[in-house]
Every structure is written in structure tokens, then in C-alpha cells.
There are 2 protein chains.
Amino acid sequence: MTGTTLTGPVLVVGAGLLGTSVGLALRARGVEVFLHDTNAEHLRTASGLGAGSPGIPERDVQLVVVAVPPDHLASVIASQLRDTAGVVTDVGSVKSAPLAEVVETVTPEELERYVGSHPMAGSERSGPLAASAALFDGRPWAVAPHATSRTDAVALVTELAELCGATAFTFSPEEHDEAVARTSHVPHVVSALVAGALAGAPAEHLALSGQGVRDVTRIAAGDPALWQQILAANAPAVTGLLREVRDGLDALLDALETGSRPALGEILGRGVAGTTAIPRKHGQPATEEAGVFVRVPDHPGELARLFGDVGEIGINVEDVRIDHDPGRPYGLLELTVAASLADPLLEALTGRGWLVHR
Amino acid sequence: MTGTTLTGPVLVVGAGLLGTSVGLALRARGVEVFLHDTNAEHLRTASGLGAGSPGIPERDVQLVVVAVPPDHLASVIASQLRDTAGVVTDVGSVKSAPLAEVVETVTPEELERYVGSHPMAGSERSGPLAASAALFDGRPWAVAPHATSRTDAVALVTELAELCGATAFTFSPEEHDEAVARTSHVPHVVSALVAGALAGAPAEHLALSGQGVRDVTRIAAGDPALWQQILAANAPAVTGLLREVRDGLDALLDALETGSRPALGEILGRGVAGTTAIPRKHGQPATEEAGVFVRVPDHPGELARLFGDVGEIGINVEDVRIDHDPGRPYGLLELTVAASLADPLLEALTGRGWLVHR
């Protein structure tokens, strides 16, 4: 760490959701940003939004941020390492496979200037119009140096993450890929499998769908074209974990077929343990929370009136969820609060005329 | 249908969450309710809440509602068919297995008075203190007559569902079990398997957890003791569907190992199709929606101020979600609205000083 400071110019290659958001965040901090994209319309849109100037800077580039689809990462990273003298990073979802390709095509000296990274932020939408300077605010941003990444290059990429408002976490490329396989890629494909089982179901069976199946399958709506690339690039880590899931599934099938309650209980208990292992809000450990359900007429002013009352009552709401069960002309809103505050909130809201239950 | 009307008395056996809620809902409609439970404290609590009178009525019971844990359903249904002359229903999560046991132990005449049912409502909490007359409001309630259920008995149980505020759907017991295996039991166990894979992960890997894995694993926090009973009782339907999920998992592993993009795309595309098959709010078909993200300082008055502004802007919010990524001293609230209203909402909120992005 040699007191590196990110002053620019920065070249962002790929003016989609992530590249444009990086440009917007850096411009907001006064850093000079140049943009490149083979799609002229994306480039025009992103520069029009204020994410940077189209073209390559005349001065040396301090940092190149490669923000192209997974299939094109390695070739663009390698060409940027050859064409510029600056540090090169990327914001791709997978780190080992592109690195292995880059190693094959650049010199050892060029390779030292590469440090992969991965902001844990995104949107169901894509393209520069979905971008925002606030996209990375408070999000984790993995910085994944390889064995010969230069120390000052690692510091510069860490500074990029922090300038964009994110919290940087350092991983080796292999650790990173294992971590996102577990926390993102495997949940995604398993969600897709459960959702796929609904696709062939009789419509009248789906009338019994509740909030649980909606939550489990929500992320399965993600873009298959993008996810094909992510999964293919992280196939080793994903297959390793999916084999563990399949072993768990086989154990479950065996427990169901033999009627072994202890085996069922062990699998379910391990699931409960997993839900408490996920870090919570503000990085705090899990605290006990409870839900309070409020009936809210389905028109604009009612949520305002409810939250006005909640604000006056002065109880902090940890989470809000609107229940989507069909057949009801109003919303059922679940307010999650600290367990000890659920009964006081219920009483206070009931006192103000709301229909509330736990 | 002979113009049956549910006038009572109704006997509710089992004063837990569901039984007490049924009692409260029926009492609110003026129906006479009696309560029975082997747990004296539950009985005292439920009657204290106004869910009915403890004890057995002197007059003939018109309807018995059995609301005991899955393992005890069959024996209690059978004893109620023998001990009373009324219609008997239950509110258990599984219908075929208890029916098969009941058939073995009652006369064909007694069996005609039994009609199983299943309200799709619950809570992470259990016991009478979690009960509410509003628990079934707008929820689906499956009515599952067997081959020799009397028509007037089916009508009476359908009326029970509607009096409790639910929407009744009729299924055969086998269809019901298949439907809930697909929409509830399989999502639950798969969620538990994904959550279980987190339980053994290094804590630093879990720092990369986003909203996706939180949603997929939320229901895995459910009570293992209750879910053991549900899964064991519905083992045939659950195992059938889980074998399909395992086939999908094997196809996925094969596609990852051979690098077959078309096969990956097919699995992911089927998942997308499944997410659109789930019925939406008010039973409407899926309409295009979009999310707008608002930065909300993490103290009580801010949600009120935000929803006050949203109310004045006059745009109807379809869903609300608070994003729990750690490391951020404020909440990121996602407001879901009709796709065509997302940009107008973004502009209007920005104009009122909120930090908003899509």
C-alpha cells in the first residue's frame, strides 16, 4: 500500500448497467472517466447520462474497468493489458476462468497489473438506462488479486470499490468463485429447478401458491442468456456444490421412502442453521424478529397513513412485505420488528383502528 | 346443495394457531363455538381470547373442525365421527394419508360425514396467542371431499371456508396433496437444502450474500418438528416431485460438465416460465412490473415520510421490500409498481429530495 490515490483518468470498457454505474459513481467523486463500447447507442446513452466521455484518453490511463459480458471478459482484459500501461480490473461475476485465459495471452509483466473484482450489485434490468451512481452503495465488492497482482494495483482496485460506495472484501479468485457459487449461483439454479416444476403444473394447483413459493422462485426470473454465461464460467465451483445439494436430495428421498423422522429432522434442522448463518442488516448477528400483519386497503393513501402511524408509534421496522395471495381486494402487509416490540406494535396499531394480527 | 347453512354449534378440536383462528372467525359471524384441547393452557387462552367456550355442547354438534398436528389427525377425525352426529372436517396440510387411516377405523356411514379441508394460511408462530379472526382473509382454502363424502357435508365445509373469509377451491384428496407438494412442500425442502449448504460455509464467504439467497432460504427457517410430520404424511407426492427435481439437477450437472449452453438455457428458460405461471395479486394474470430503489435513513419517521410522499404522488405500490445487505447505515427500499409508472415515480421522488434509482 503506497498511498495510491485514484485520480484518473479511468477507462470503462462496456457501457451497460455496471459500467455506466461505475462511470456515474466516479464522475460524482470528480474522477475523469472515458467510456468505450462496441454498441454506439449504449455509448451515447451512457455519456449522455454523465457517466464519462466517449473515446480513449490522450494521457495514460490510470485504471481500466472492464464491464463486458462474461464470455468476452478474458479477451478484453488481455487486450487492455497490452494496449494500456494502467491497472486493469473487471466487474465480472466469475474470476478464475477469465484469469486462466488471460494468463495464456499476456506477458508476466502485463499480468501483474491485473486485479479482478466483482461488485455484488445488479438489477433485473440491464443496459445504461438502468444505471445509477448509487448502485453499489453499501454493497459488498469482492477484490480478487491473483498470485502476482501488484500491491499498488490491489490498493487501487480496493479504492475503486470504496469510491463507488461499496465495502471491499478480498478473496483469492478461487475463494471468490466458491463463495458466489454458494451464495448466488447455486441458489439461482435451484430456484430455477423449483420454478421449472411449476411450469408444467395444472393452473388450478397453482391457485394454492402462497408467499413461500413466490420467494423461493423470484430470482428464477433472471435473464437466461446472462446466467448461461455465468454458470458456464463458474462450472467447477457450481458443480461441486450442486453435487452436495444432490447428495442432500438423495438423503431426503431416502428419509422419505424409509419414513426416517430423525433423518428428515436433521436435514430440516441444518436448513434452519443455514438461515441464521446469513449476515443481517448492518452486519449485525441475527436478532430475534417477529412479524405483525396489517390489513391495508389497496389504494395509494393507505400505506402512507399506515407508515405515518408506525412513525408516530416510534417502532423501527426491520422489514416490510406485501402478501400477494390472490382473491383479496386489499393488501396484507407484514411488518417485521424486533420480537419484543411485536406485541406493543400490534396493540398500538389496533388502537389506531387498523386490523392487525400476528 | 340443499341450502345448508352453518349455524352451529361448531366444535373445534385443537386450540392452536389454526383452531383458535377458526373459532375467532366463526364467533365474529355469530356462530356458536365450543373448544377442546388436551392442553389446558391452550384451551384457557383460546377461550379467553373469545374463540369459543371450553367443553362439548349439550345439543348436537353441526360441524367438528379438527385442528391437531398431522400425526394425530386420523385418530381424532375417527373418534369425532364416532362420537358425534355432525359433519367432521380437518385443517391439516395433507389429505390422503389421514383419510386412508380413517377409512380403516370408521363405518361407511360415518365416513360419509367426513370432508377434509386445508386453509392455505399460517404463521411462523404457533399456538393460540398467534391466532386471528383475519388469518384466512382472502386466502385459498382447499376443500377435499373423498369419493363418498355427502353433498351437504361438502357444502357445509365450503361454507366454513367462506365464513372464515377464505376462497374455497375443491380438489380430490390426491389432487390436493399433489398441488401442495408442488407449491409448498417441495419449495420448502429445496429451500432447506440450499440453506443447509450455507450452514457449513466460511463466514467470510457469506459476506457476499445478497437478497436472492435470502429470499430462496427464508422459509427454511420453519419449525422442523412440524415439517417432519407434514413431509412424512405427504411422502408419496413429495418424493414423486423431488425425483423430477433430481432429474432436473442431473440434467443441469450434465450440461455444466459438458459445457452445453442450449441445455443450460432450456433449464433456465423453464424456470422463467414457472415464475410467470404463479397467479398474481387479485387473481389477475401477471402484468409487467418494475422496481424503484429508494435510500431510506434507518429510523422510524423516514418510512412514514416516504410513503406520505408516495401517497401524494398517487402511484399504487404493488410490493415493498427492504434490502438487507450489511454494511449500510440506511435501508434500501424497493418499491414495485406497474412498469409504466416506474419512471414517473422515480422522477417525482427525486423531485422531493429522495435518492432514487432503478
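**Reading helix crossings and cores**

Modeller: H11(A) passes H7(B) in a right-handed crossing (the near helix is turned clockwise from the far one by less than a right angle; anticlockwise is left-handed). This is a predicted model: local features need pLDDT of at least 70, side-chain atom pairs count only at pLDDT 80 or more, and totals for chains, interfaces and linings use all residues. Residues are numbered from 1 along each chain as its sequence is written, and chains are lettered from A and ligands numbered from 1 in the order written.

Colleague: At what angle do the axes of H11(A) and H7(B) cross?

Modeller: Packed helices are described by the angle and the distance between their axes. Here H11(A) spans residues 235-258 (helices are DSSP H or I runs of at least four residues, numbered from the N terminus). Its axis and that of H7(B) come within 10 Å and cross at roughly 130 degrees (lines fitted to C-alpha atoms over the stretch in contact; N-to-C angles, 0 to 180). H11(A) and H7(B) are therefore oblique (not under 35, over 145 or 65 to 115 degrees).

Colleague: Which residues of H11(A) and H7(B) meet?

Modeller: Leu241(A), Glu244(A), Val245(A), Gly248(A), Leu249(A) and Leu252(A) meet Val189(B), Leu193(B), Gly196(B) and Ala197(B) (contact: backbone-placed C-beta atoms within 7 Å). By class, that is 7 nonpolar, 2 polar and 1 charged (nonpolar: Ala, Val, Leu, Ile, Met, Phe, Trp, Tyr, Cys, Pro; charged: Asp, Glu, Lys, Arg; polar: the others, Gly among them).

Colleague: How do H12(A) and H7(B) cross?

Modeller: H12 of chain A covers residues 261-277, and H7 of chain B covers 173-199. Their axes come within 6 Å and cross at roughly 60 degrees. H12(A) and H7(B) are therefore oblique to each other. This crossing is left-handed. H12(A) brings residues including Ile267(A), Leu268(A) and Arg270(A) to the contact, and H7(B) brings residues including Ser191(B), Ala192(B) and Leu193(B). The contact has 10 nonpolar, 5 polar and 1 charged residues.

Colleague: How many residues of chain A are in contact with chain B?

Modeller: 120 residues of chain A touch 120 of chain B. Helix H7 of chain A gives the largest share of chain A's side, 20 residues. That side has 62 nonpolar, 35 polar and 23 charged residues.

Colleague: Which residues touch the most other members of the largest nonpolar core?

Modeller: Val12(A), Val66(A), Ile77(A), Val186(A), Val12(B), Val66(B) and Ile77(B), in a core of 198 residues (buried Ala, Val, Leu, Ile, Met, Phe, Trp, Tyr and Cys joined through C-beta atoms within 7 Å; buried: 20 or more other C-beta atoms within 10 Å). A second, separate core of 42 residues includes Phe307(A), Leu306(B), Phe307(B) and Leu332(B).

Terms used: Contact = placed C-beta atoms within 7 Å. Helix = DSSP H or I, 4+ residues; strand = E, 2+ residues; numbered from the N terminus. Buried ≥ 20, exposed ≤ 12 C-beta atoms within 10 Å, placed from the backbone.
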